[in-house]
Amino acid sequence: MVWILLTAMLVSLFGGGGVVYAAADALPGDGLYPVKMLVEALRLAVSGDETDLDLYLELAGKRVSEMEALVQQERF
């Protein structure tokens, strides 16, 4: 019984990491986009005050790239 629970926990942990990895390229309107937003919010929550500005600038650049990709795909 313990092995089954341990295996299930490991599969869910590694499977969750795969979802986060897959969500990195998600665009607004995609099913994994909320996962991407959650990961970014968590990054902001754990970042220190000194790195917040750099992280905000990085995320703003990602939003611009997303808008460009949406325009290219005519998904606006």
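A crossing of two helices is called left-handed if the near helix is turned anticlockwise from the far one by less than a right angle. In the predicted model described here, α2 passes α3 in a left-handed crossing of this kind, and the arrangement of these two helices is the main subject of what follows.

The protein contains three helices and zero strands, and from the N terminus onward its elements follow the order α-α-α. Of the 76 residues in the protein, 17% are buried. Among the contacts between residues at least 6 apart in sequence, 39% join residues that are at least 24 apart.

Helix α3 comprises the 24 residues 49-72, for which a rise of 1.5 Å a residue leads to an expected span of 34 Å; the C-alpha atoms at its ends are 35 Å apart, in agreement with that expectation. Its buried residues are D52, L55, L59, E66, A69 and L70, and these buried residues pack against α2, which covers residues 33-46.

The axes of α2 and α3 come within 10 Å of each other and cross at roughly 165°. Because this angle is over 145 degrees, α2 is classed as roughly antiparallel to α3. On the side of α2, the contact is formed by Y33, K36, M37, E40, R43 and L44, which meet D52, L55, Y56, E58, L59, K62, R63 and E66 of α3. Sorted by class, the contact of α2 with α3 has six nonpolar, no polar and eight charged residues. With regard to the spacing of such positions, an α-helix has 3.6 residues a turn, so residues three or four places apart point the same way.

Among the charged residues of this contact, K36 may be considered individually. K36 lies in helix α2, and its relative accessibility of 9% is under the 20% cut-off, so K36 counts as buried. When neighbours within four places in sequence are left aside, K36 is in contact with A23, A24, A26, R63 and E66. Of these partners, R63 and E66 also appear among the α3 residues that α2 meets, and E66 is itself one of the buried residues of α3.

A further local feature is found beyond the end of α3. E74 lies in the segment after this helix, and just after α3 this residue takes a positive phi of about 55°. Most residues other than glycine have a negative phi. The positive value at E74 thus occurs although this residue is not a glycine. In contrast to the buried K36, E74 has a relative accessibility of 66%, which is over 50%, and therefore counts as exposed.

Key:
Residues are numbered from 1 along each chain as its sequence is written. This is a predicted model: local features need pLDDT of at least 70, side-chain atom pairs count only at pLDDT 80 or more; totals for chains, interfaces and linings use all residues. Side-chain values use heavy atoms; hydrogens and water are left out. Helices (H or I, at least four residues) and strands (E, at least two) are DSSP runs, numbered from the N terminus. The expected span of a helix is 1.5 Å times one less than its number of residues. Buried means under 20% relative accessible area, exposed over 50%, partly exposed in between (1.4 Å probe, protein chains only). Contact means heavy atoms within 4.5 Å. Axes are lines fitted to C-alpha atoms, for helices over the stretch in contact, and angles run from 0 to 180 degrees between N-to-C directions. Angles under 35 degrees count as roughly parallel, over 145 as roughly antiparallel, 65 to 115 as roughly perpendicular and the rest as oblique.
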